[in-house]
Amino acid sequence: MALQLLPSTLSVPKKGSSLGAVAVKDTAAFLGVSNKATKKTHAVRTQVATAPTPVSTSPGSTTSSPVGKKTLRQGVVVITGASSGLGLAAAKALAETGKWHVVMACRDFLKASKAAKAAGMADGSYTVMHLDLASLDSVRQFVDAFRRAEMPLDVLVCNAAIYRPTARKPTFTADGVEMSVGVNHLGHFLLARLLLEDLQKSDYPSRRLVIVGSITGNDNTLAGNVPPKANLGDLRGLAGGLTGASGSAMIDGDESFDGAKAYKDSKVCNMLTMQEFHRRYHEDTGITFSSLYPGCIATTGLFREHIPLFRTLFPPFQKFVTKGFVSEAESGKRLAQVVGEPSLTKSGVYWSWNKDSASFENQLSQEASDPEKARKVWELSEKLVGLA
Ligand code: NDP
Ligand code: PMR
């Protein structure tokens, strides 16, 4: 684990406990890159870390032009799972604008660093920080490390996911919860709940929490009707902790494990969580809560566990038959819009794009928009991550 490889090399400024109400372990995996501020209009603080790549930059919270006129400072966006696919493409698209400093929150530190470099992201436009969503301790450590790095938080993107379509048996997170729901939903749920207070503190004009959803969790579409269909049932499995050992590893309580369904169920949880955040916090905080279906990015690492034949046929099938295919670069631009476009500030929306790549507010399926289910998922999730 990156945390075991890197902690002694770290030198992140420590802050008082005022920033965090949550008890966390004093371990952080923070590594910086580059040291050059690029845009005159963005005040950028430079911070030196005694890590293998020694220097990182982070945006300051105040800005003013030489004539004293206020200008928009560089925003800070945290993207989970930015080491490949959609997350990496969005990180690149945002960093390239010069308007965003991207915190790549990744489980494999070296992979993320290499991916950023290979993608041509400029030194100083991003920071890689360790986050393993399969461990609630790691989530809390990430929050602690992020706070000690003294960057503002303007936008959080919950993007990381795993998909285990061929798994016949469940695997489990460090906390003993079925892996797909543990990583895709519960890890993000804790992360978003903890970082909400940081989003609230931000002085950025449009603060956002984006949770990536998917068409395959929506059975009001053809794609969402491909078996196995998402179905959370009465949530009895989630209530039982998804431990598998003493009960079910599936949210609906089904005794038999289905990796593809577990993924789709987790996506329903993602979309329900976004809406519940909206209902609970939008009015009081002004934060925009949104989800999206970025299109079918059939070439990403998400399908790494699928059978080879699927991986060969899936991209042409999506390109030429369903015509739902999008490139990683295009999907990255879409997610970047949800992060920063002034026209996409509406809260509670599940964004999609039409064939001309124009965004529109999409309809969620009945289950993925059921407020009662969203409330129950929220309350059960709180218990499972130790917030209630
Ligand atoms: P990728 O596999 O390319 O990216 C997933 C990312 O999540 C990787 O960076 C991966 O890290 C990271 N990740 C996995 N497990 C963990 C963990 N335990 N802790 C931290 N990070 C983790 O897939 P995509 O880019 O396709 O998926 C991104 C999002 O897009 C997901 O939410 C997915 O549900 C959604 N989506 C994808 C679609 C598609 O067609 N591909 C369609 C609709 C939605 P690592 O690099 O180390 O493996
Ligand atoms: Mg699907 C318009 C039709 C459409 C779209 C947009 C998708 C997207 N898919 C469509 C149709 C079909 N798919 C049809 C008709 C079939 C039966 C042949 C089909 C099959 C299929 C499989 C086996 N599709 C898949 C799989 C997967 O394993 C992928 C999945 O469910 O991953 C969870 C998948 C997907 N199809 C999509 C998208 C976006 C996916 C990946 C999804 C995701 O991350 O949610």
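**View 1. Just past the end of helix α10 sits Gly 386, a residue with a positive phi.** Here we're looking at what follows α10: at Gly 386 the phi angle is near 85°. Keep in mind that this is a predicted model.

**View 2. Helix α10 from end to end.** How far apart are the end C-alpha atoms of helix α10? They're 20 Å apart. That fits, because 14 residues (371-384) at 1.5 Å a residue should span 20 Å, counting one step fewer than there are residues.

**View 3. The buried residues of α10 and what covers them.** Several residues of this helix are buried: Lys 373, Ala 374, Val 377, Trp 378, Leu 380, Ser 381 and Leu 384. And what lies over them? The cover includes α5 (179-201), α6 (236-239) and α7.

**View 4. The shell of residues around ligand 2.** Helix α7 (residues 259-285) turns up again here, giving the shell its largest share, three residues. In total, 15 residues surround the ligand, and the closest are Ser 214, Thr 216, Ala 223, Cys 296 and Gly 324. What kinds of residues make up this shell? Nine are nonpolar, four are polar and two are charged.

**View 5. Stepping back to the protein these close-ups come from.** Its secondary structure adds up to 10 helices and 11 strands. The protein has 388 residues, and 50% of them are buried. Now take the contacts between residues at least 6 apart in sequence: 68% of these join residues at least 24 apart.

Conventions. Residues numbered from 1 in each chain as written. Chains lettered and ligands numbered in written order. Predicted model: local features only at pLDDT ≥ 70, side-chain atom pairs only at ≥ 80, totals over all residues. Near = placed C-beta within 6 Å. Helix = DSSP H or I, 4+ residues; strand = E, 2+ residues; numbered from the N terminus. Nonpolar A, V, L, I, M, F, W, Y, C, P; charged D, E, K, R; others polar. Buried ≥ 20, exposed ≤ 12 C-beta atoms within 10 Å, placed from the backbone. Contact = placed C-beta atoms within 7 Å.
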